[in-house]
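Biologist: I have just opened this one for the first time. Could you walk me through it, one question at a time?

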Amino acid sequence: MSQTATPIDTAPSTVFEQDVHDGFSRSPKFLPCKYFYDERGSELFARICELDAYYPTRTELAIMRCHAGEMAALIGRHARLVELGSGDSTKTRLLLDRVVDLEAYVPIDISAEYLARAASNLRRDYPHVPILPVSLDYSRPFELPRSVRANRTVVYFPGSTIGNFTPAEARRFLRIIEAAAGPRGGLLIGVDLKKDPAVLHAAYNDPEGITAAFNLNLLVRINHELGGEFALDQFRHDAFYDTRQGRIEMRLVSLARQIVRIGSSSYAFARGEPITTEYSYKYDLGEFEKLAAEAGFSLRRSWTDENGFFGVQYYAVDRAG
Ligand code: AVJ
């Protein structure tokens with residue numbers, strides 16, 4: 001039922017097109033969540049971060065405000081700080097304000113334009129810190145430029161973005177980070193924690209409908225960039241907490257039986273058929289520590305808020321020489 005229809009004769013010409021085609025050829029259908037973040041999607045995400053019900057951003061920021069001094073001390077002197085998915089570096093500024101003799105700050109982001117703008121703001125505010133932006137898609141294997149001068153490389157991965165990976169993917173990804181950080185390296189990471197499902201449900205189902213618009217923006221992008229013909233009122237936002245898997249699953253549900261053209265391909269949807277658009281895994285602190293240990297990291301310090309909603313953890317690469 002509802003498998004892909006006919007890719008007629010044209011081969012997909014962009015990575016986005018290929019990913020959409022691959023995702024729609026699976027059952028259940030799937031779209032990678034990294035495509036949320038075009039210009040409009042990034043704006044919508046910024047609005048999500050300000051919603052009353054969306055606790056992660058505000059909670060992580062509060063933890064950073066409280067403990068940035070201690071984090072900076074663990075990062076140490078003459079370190080190179082690498083941030084994955086840097087965005088506008090709001091949380092990082094709390095570190096940049098406190099780390100002593102930073103050798104370089106390396107913000108990594110998929111959007112080159114966004115990165116260039118953010119870098120020039122940072123250069124203005126931190127004239128003594130070399131800002132060395134790298135534009136790449138870190139969801140694919142990557143290597144960092146070598147640094148001869150830095151004492152150590154510390155990777156900063158805030159925002160609980162690690163939750164978008166399945167645990168198996170997260171373990172693999174942490175191994176890549178471990179290799180990139182190197183022998184004396186570190187990892188400072190933000191992790192969203194398991195909690196009352198009602199709190200989780202509310203965070204992904206705001207009455208303002210911003211999360212719904214963020215989710216549906218994937219179809220808007222397909223329409224604009226790939227010549228898609230999605231009728232936006234024929235799909236609805238859906239997000240629920242799967243207790244057994246320990247994850248929020250976000251989906252777009254087809255409201256009717258329909259066939260949707262995208263360029264020269266067309267895809268069939270059954271009424272009620274979902275497209276999975278995002279997983280957001282939640283961990284216990286100990287559970288995440290175990291996962292990180294399997295990737296070669298040993299926990300040095302762990303901070304949380306008074307509700308235990310969110311965790312920030314500092315790990316050291318667990319190998320000599
Ligand atoms: C940016 C991946 C942390 O999973 O909570 C927010 C993205 N999705 N609302 C999250 C998101 C729906 C967010 N992360």
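Modeller: Happily; we will go from the ligand to the cores and then to some single residues, and please keep in mind that this is a predicted model.

Biologist: Let's start with the ligand. How much of the ligand's area does the protein bury, and which side chain puts a polar atom 2.7 Å from a ligand oxygen?

Modeller: Three side chains are good to look at here. Tyrosine 54 has a polar side-chain atom 2.5 Å from an oxygen atom of the ligand, and an N or O atom in the side chain of tyrosine 204 is 2.5 Å from a ligand oxygen. Taken alone the ligand exposes 360 Å², of which the protein buries 97%. The contact at 2.7 Å comes from a polar side-chain atom of serine 280.

Biologist: How many residues of the shell around the ligand are charged?

Modeller: The shell includes Tyr37, Phe45, Ile48, Met250 and Glu278. Its residues divide into 7 nonpolar and 4 polar ones, and the charged count is 1.

Biologist: Which domains each give at least three residues to that shell?

Modeller: Start with the elements: α2 supplies at least two shell residues, and β12 (274-281) does too. At the level of domains, at least three residues come from each of two: domain 1 (15-48 + 198-281) and domain 2 (55-195 + 283-317).

Biologist: Tyr37 was in your list. Is tyrosine 37 buried or partly exposed?

Modeller: Tyrosine 37 sits in the loop between β2 and α2. In space, its C-alpha is 8.9 Å from that of serine 111, although the two are 74 residues apart in sequence. Because buried means under 20% relative accessible area and exposed means over 50%, the 32% of tyrosine 37 makes this residue partly exposed.

Biologist: Now the inside of the protein. Which element gives the largest share of the largest nonpolar core?

Modeller: That core has 36 residues, and Phe24, Ile222 and Phe230 touch the most other members. Elements giving two or more residues to this core include α1 (15-24), α7 (197-203), β8 (235-242) and β9 (247-254). The largest share is 7 residues, and they come from α8.

Biologist: How many residues are in the second core?

Modeller: This second core is separate from the one we just discussed. Among its members are Leu136, Ile162, Ala170 and Tyr315, and its size is 32 residues.

Biologist: I would not have guessed where lysine 29 ends up. Is lysine 29 buried or exposed, and which residue's backbone oxygen lies 2.9 Å from a polar atom of its side chain?

Modeller: Lysine 29 belongs to strand β2 (residues 29-30). Its relative accessibility is 1%, so lysine 29 counts as buried. The backbone oxygen 2.9 Å from a polar atom of the lysine 29 side chain belongs to alanine 268.

Biologist: Which residue does a cis peptide bond join to serine 27?

Modeller: Most peptide bonds are trans. Here, though, omega is about 0° at the bond after serine 27. The partner lies in the loop between α1 and β2, and that partner is proline 28.

Biologist: And the phi angles: what is the phi of serine 160?

Modeller: Most residues other than glycine have a negative phi. Histidine 78, in the loop between α3 (55-75) and β3 (79-84), has a positive phi of about 55° without being a glycine. Serine 160 lies in the loop between β6 (152-157) and α6. Serine 160 is not a glycine either, and its phi is positive, about 55°.

Biologist: Are histidine 78 and serine 160 buried or partly exposed?

Modeller: Buried means under 20% relative accessible area. Serine 160 has 9%, so serine 160 is buried. Histidine 78 has 32%, so histidine 78 counts as partly exposed.

Biologist: One last pair of distances. How far apart in space are aspartate 206 and glycine 272?

Modeller: For a sense of scale, alanine 168 in helix α6 (residues 167-181) is 123 residues from leucine 291 in sequence and 8.9 Å from it in space, C-alpha to C-alpha. Aspartate 206 is in the loop between α7 and α8, and it is buried, with a relative accessible area of 8%. Aspartate 206 and glycine 272 are 66 residues apart in sequence, and their C-alpha to C-alpha distance is 21 Å.

Methods. Residues are numbered from 1 along each chain as its sequence is written. This is a predicted model: local features need pLDDT of at least 70, side-chain atom pairs count only at pLDDT 80 or more; totals for chains, interfaces and linings use all residues. Side-chain values use heavy atoms; hydrogens and water are left out. Helices (H or I, at least four residues) and strands (E, at least two) are DSSP runs, numbered from the N terminus. Buried means under 20% relative accessible area, exposed over 50%, partly exposed in between (1.4 Å probe, protein chains only). A polar contact is a pair of N or O atoms within 3.5 Å; within protein, one must be able to donate a hydrogen and the other to accept it, and residues adjacent in sequence count only if both atoms are side-chain atoms. A nonpolar core is a set of buried Ala, Val, Leu, Ile, Met, Phe, Trp, Tyr and Cys residues joined through side-chain atoms within 4.5 Å. A residue is near a molecule or strand if one of its heavy atoms lies within 4 Å of it. Accessible areas come from the Shrake-Rupley method with a 1.4 Å probe; for residues, only the protein chains shown count as cover. Ala, Val, Leu, Ile, Met, Phe, Trp, Tyr, Cys and Pro count as nonpolar, Asp, Glu, Lys and Arg as charged, and the others, Gly among them, as polar. Domain bounds come from an automatic or database domain assignment.
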